[in-house]
Amino acid sequence: MMNNLLVSTSAKGNIYALYAANAISTTGNVLALLAIPWFVLATTGSAAQTGITAFFFFAPVVLSTFFGGTLVDRIGFKPSSIFSDVASGVTVLLIPLLYAVDLLPFWMLLLLVFLGTLIDAPGATARDAMLPELAEAAGMSLERIASLNQIVERASRMIGAPIAGFLIAFIGAENVLYVDAATFGISALLVWLAVPNITIKQDEAERLTGDDTGGETGGETKSSYLDDLRDGLRYLRHDALILTMVSVVLITNFLDGALSSVIYPVFVNEVYGSAVALGLIFGVSGGGAVIGALIYSAVGERYSRRKVYVWSFITLALARIVLPFLPPLWLLLITSAIVGIGAGPLNPIMGTVNYIRIPAIMRACVLGVMRSGAMMAMPLGVLLAGYALEWLGLQVTLIIVVAIYLLTTVSLLFNERLHEMDKGDKEEE
């Protein structure tokens, strides 16, 4: 199942190496998330073009996670992670290089943003897919491994966002992209040198998941990429709980993508006038998310997954009520911290449920399809946000976003399917 993977101390070292690579790669993504929209806004002055760029930032994620997860299962977790980081770094590097020689028309920028995100997403899927086997070798619970993974990612955003804001302010958005490209290279090198290759065989998948259905889980009889992809789609369609989680996150990602990539840059530019404020907002939110994930890592196993999931969502929705009032920065930072704390337990809970329910042999495929479904509305969200800001204005756009967020999260209190979150595994249902 795992090549060159020792147990105990060395197994934990493998996990920490993977976490470090994930942290560096995530930091690079945060740099790009802030630097690219700010670069477009600074060079064009257009909220609509900023929204279009954000659309090309998110749209390929839907394609690459949908089709890429199956490729990750077939190619292997480690090779997929390395290739993804190297190729993403190259596409990011080309943006400032071409800009420096005045060879970066808007269409070329959109193409590079599209390619960079298209290649990057399968790498994140591959790194997540490695975790259950690494956790098993290290004797760590799924709740703990999922929580720690989110702590690492949230901490990276917490640190990366303020760094990005200061770097944008002092060296310019185009120069931040050089730093971004370097982070992808470091991540690829770390995975290559310090993370073992992991392969899932059919007999091991059956042992890990209790599944003995042979071909239905993507076993030895598989002969084509399309067969594997169809199995992943079939599994997702028949698992009502996971399908419900994807549907909820689809709506919230639609709103979060609009906020982070279009509305917040315009908000900060109009109200505070500095990219430093933008970095602080994302950094404080990331810090709150680290605290939320740490709390869940320490005590989460004692409480109902469903209750924590529902009330965490409602908490972060309520904290955003202040946005349409264009509050002073200190108040927005406080509410951003609350948003982060509310968001902290969400991905660990969903990750734990996924690791319990999804057969190991098709894990990357199903996770990829799930991510694609959850992010499907983000490109539309950022595109509509740009035009909404120009047509309706900042405050009306914020009122609409907050209202939809509240309706979506409060509705979770009445969703009966979420009770399955508290079941140990599918065999108990």
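This passage describes one helix pair and the salt bridges of a predicted model.

The helix pair consists of α3, which spans residues 77-100, and α6, which spans residues 173-194. The axes of these two helices lie 8 Å apart, and the angle between them is about 165 degrees. Angles over 145 degrees count as roughly antiparallel, and α3 is therefore described as roughly antiparallel to α6. The crossing of the two helices is left-handed. When the residues in the contact of α3 with α6 are sorted by class, 15 are nonpolar, 4 are polar and 4 are charged.

Attention now turns to the salt bridges. The count for the model comes to 4 salt bridges. One of the pairs involves helix α3 again: Asp85, in this helix, is paired with Arg127, in helix α4 (residues 106-138). The closest N and O atoms of Asp85 and Arg127 are 3.4 Å apart. The salt bridge links distant parts of the chain, since 42 residues separate the two partners in sequence. Asp85 and Arg127 are both buried.

A further salt bridge joins the side chains of Asp239 and Arg357, with an N to O distance of 3.0 Å. Asp239 is located in the loop between α8 (225-238) and α9 (240-271), whereas Arg357 belongs to helix α13 (residues 346-357); the pair therefore ties together parts that are 118 residues apart in sequence. Asp239 and Arg357 are buried.

Asp256 and Arg320 also meet through their side chains in a salt bridge, for which the N to O distance is 3.0 Å. Here Asp256 lies in helix α9, and Arg320 lies in the loop between α11 (305-319) and α12 (329-343). The two residues are 64 residues apart, and the pair again links distant parts of the chain. The partners fall into separate accessibility classes. Residues under 20% relative accessible area count as buried, and those between this value and 50% as partly exposed. Asp256 has a relative accessibility of 23% and therefore counts as partly exposed. Arg320, at 12% relative accessibility, counts as buried.

Finally, some salt bridges share partners, and in this way Asp239, Arg357 and Glu420 are joined into one network. Within this network, the pair of Asp239 and Arg357 is the one described above with an N to O distance of 3.0 Å.

Technical notes
Residues numbered from 1 in each chain as written. Predicted model: local features only at pLDDT ≥ 70, side-chain atom pairs only at ≥ 80, totals over all residues. Heavy atoms only, no water. Axes fitted to C-alpha atoms, helices over the stretch in contact; angles between N-to-C directions. Helix = DSSP H or I, 4+ residues; strand = E, 2+ residues; numbered from the N terminus. Parallel < 35°, antiparallel > 145°, perpendicular 65-115°, else oblique. Left-handed = near helix turned anticlockwise from the far one by under 90°. Nonpolar A, V, L, I, M, F, W, Y, C, P; charged D, E, K, R; others polar. Buried < 20%, exposed > 50% of the residue type's maximum accessible area, 1.4 Å probe, protein only.
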